[in-house]
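Visitor: Could you walk me through this one? I'd like to ask about rings, charges, helices and loops as we go.

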Amino acid sequence: MVLSSADKNHETPLLPEQDPEPFIKRTGTLWTAVAHIITGVIGSGVLSLAWSMAQLGWIAGPLAMVIFASVTLFATFLLCDCHRSPDPEYGPGRNRSYLEAVDMCLGKTNAWACSFFVHVGLYGTAIAYTVTSAISMRAIQKSNCYHREGHEAACEYSDTYYMLIFGAVQLILSQAPDFHNIQSLSVIAAVMSFAYSFIGFGLGVAKVIGNGFVMGSFSGVSTTTSIEKMWLVAQALGDIAFAYPYSLILIEIQDTLKSPPPANQTMKKASTMSIITTTIFYLFCGGFGYAAFGDNTPGNLLTGFGFYEPYWLIDLANTFIVIHLVGGYQVYSQPIFAHFEKWICEKFPENGFLNNEFFLKPPLMPAFRWNPLRLCFRTVYVVSVTAIAMSFPYFNQVLGVIGGVIFWPLTIYFPVEMYLKQMNIEAWTRKWVMLRVFSYVCFIVSTFGLVGSIQGIISAKLS
């Protein structure tokens, strides 16, 4: 039943028999949603944007960031209206995840296709965060070495040890039952993202002032062949695509929000605030990084050692990055945990090993509950993520591949299709044509970025 506008102005709480989850207390607010979004959006992607801008130049670089931000925000608005059905604000049907929304609006076949991309995106992001955290931890050690031995010293260290440390931390944190149990971790992670973004921005400004001029060009990095330039541009677009989409966790975040006001309205405000904030950060960090180093801009602004001093500030920034990625890893992994564990428990509802929960009270620590299925599955998940990260520790290329794979289907295609279906927009009307063209153009750009990033991984592996 779709409520009339008069009904919407006087919202009546759903009765227990109407609400599929009447006993879940939702306490999220505009600000907790903003914290979750910033934690998910400002991650390892921001560190590659100076390099991406260097490939595109002073005109195409900022323009690409603004376009990706606008596209992401527009698609997000479409997706926010798919949390509840049939009415986007007060419909009795509630979707707890992106997959449930696709299933509800588009059917099982589309849900299976979406499931593939969602889990590839979430899993790939966990890999990227593992790679990035290890690079940042290694950068702290290298920074201290350069400070002691001089900038020409051979301070080379392996990433493997640090990936294992990061994986061990995630083994523990992954035992948190669900999204509602990691809100404080998400807030801390969001604060860390602001902190290291400010440091990167400040170091870039200081470097530009020290140089006395702005480096870079309108066309970006010069290459020996046009084919090489094309691949670098494609990889840069893939990196920018990775830096923006958080569509795959949007429904989960929206499901934590209390109402009134309606959750879709709160989520749209939170998305607008978050995207504007992150885009400003991206333009400042990417722009000043490129202005400071020009064609020599490192792939990772805070770990590529364009900056050597003050070494303690480099160490502090990379410490903030690691703390942020610890939280970001959980934000992207919890939806995988929830989906798989719900599916397996529904398959075997009488199995005590899968469904029973136990309470433990360690000395000097608060009691916590654990479940054998959660312990086993999440351990295998973290171990596999760490193993793949150790096999492909290529920062820019990995980000580009993940961005190219997930940007179009999850940020553009499914939100557009769900919106068309839920709003009953007829074929070949003006709105229908515009949304189709919008989707097709984004598909072409996303594919271009994906192909370029795959080529980058192959080249890096062979070299």
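Guide: Let's settle one term to begin with: buried means under 20% relative accessible area, exposed means over 50%, and partly exposed is in between (1.4 Å probe, protein chains only). This is a predicted model, so local features need pLDDT of at least 70 and side-chain atom pairs count only at pLDDT 80 or more, while totals for chains, interfaces and linings use all residues. Residues are numbered from 1 along each chain as its sequence is written, and side-chain values use heavy atoms, with hydrogens and water left out.

Visitor: Is Cys285 buried or exposed?
Guide: The cut-off for buried is under 20%. Cys285 has a relative accessibility of 4%, so Cys285 counts as buried.

Visitor: Which cysteine sulfur is nearest to that of Cys105?
Guide: A disulfide is a pair of cysteine sulfur atoms within 2.5 Å, and the structure holds 0 of them. Cys105 is in no disulfide, and with a relative accessible area of 7% Cys105 is buried. The nearest cysteine sulfur lies 4.8 Å away and belongs to Cys82.

Visitor: On to the rings: what kind of aromatic pair do Phe337 and Phe377 form?
Guide: Rings of Phe, Tyr and Trp (its six-membered ring) pair if their centres lie within 6.5 Å; planes under 30 degrees apart count as stacked, over 60 as edge-to-face and the rest as tilted. A search of the whole structure turns up 19 aromatic pairs. For Phe337 and Phe377 the centres are 6.2 Å apart and the planes are at 90 degrees, which makes the pair edge-to-face.

Visitor: How many residues apart are Phe337 and Phe377?
Guide: Helices (H or I, at least four residues) and strands (E, at least two) are DSSP runs, numbered from the N terminus. Phe337 sits in helix 11 (residues 311–347) and Phe377 in helix 13 (residues 372–391), so the pair links distant parts of the chain. Both Phe337 and Phe377 are buried. Along the chain, the separation is 40 residues.

Visitor: Why is the pair of Phe340 and Phe377 stacked?
Guide: Phe340 is in helix 11 and Phe377 in helix 13, so this pair ties together parts 37 residues apart in sequence. Phe340 counts as partly exposed at 28% relative accessibility. The ring centres are 4.1 Å apart and the planes are at 20 degrees, so the pair is stacked.

Visitor: Which residues do ring pairs link into a cluster?
Guide: Phe337 and Phe377 pair edge-to-face, and Phe340 stacks with Phe377. The cluster linked by ring pairs is made of Tyr123, Phe337, Phe340, Trp343, Phe377 and Tyr381.

Visitor: Now the charges. Which residue meets Lys268 in a salt bridge?
Guide: A salt bridge is a side-chain nitrogen of Lys or Arg within 4 Å of a carboxyl oxygen of Asp or Glu, and the count comes to 6. The Lys268 bridge has an N to O distance of 3.1 Å. It links Lys268 in helix 10 (residues 263–293) to the loop between helix 3 (49–80) and strand 1 (84–85), 187 residues apart. The partner, buried at 9% relative accessible area, is Asp81.

Visitor: How far apart are the closest N and O atoms of Lys342 and Glu100?
Guide: Lys342 lies in helix 11 and Glu100 in helix 4 (residues 98–106), so this salt bridge ties together parts 242 residues apart in sequence. Lys342 counts as partly exposed at 44%, and Glu100 is partly exposed at 24%. The closest N and O atoms are 2.9 Å apart.

Visitor: What span does helix 10 reach from its first C-alpha to its last?
Guide: The expected span of a helix is 1.5 Å times one less than its number of residues. Helix 10 has 31 residues, with 45 Å expected. Helix 10 is followed by Gly294, whose phi is positive, near 60 degrees. The span of helix 10 is close to the expected one, at 44 Å.

Visitor: Which residue has a positive phi of about 70 degrees although it is not a glycine?
Guide: Most residues other than glycine have a negative phi. Asn424, in the loop between helix 14 and helix 15, has a positive phi of about 55 degrees. The residue with about 70 degrees lies in the loop between helix 14 (395–422) and helix 15 (430–462), and is exposed at 69%: Trp428.
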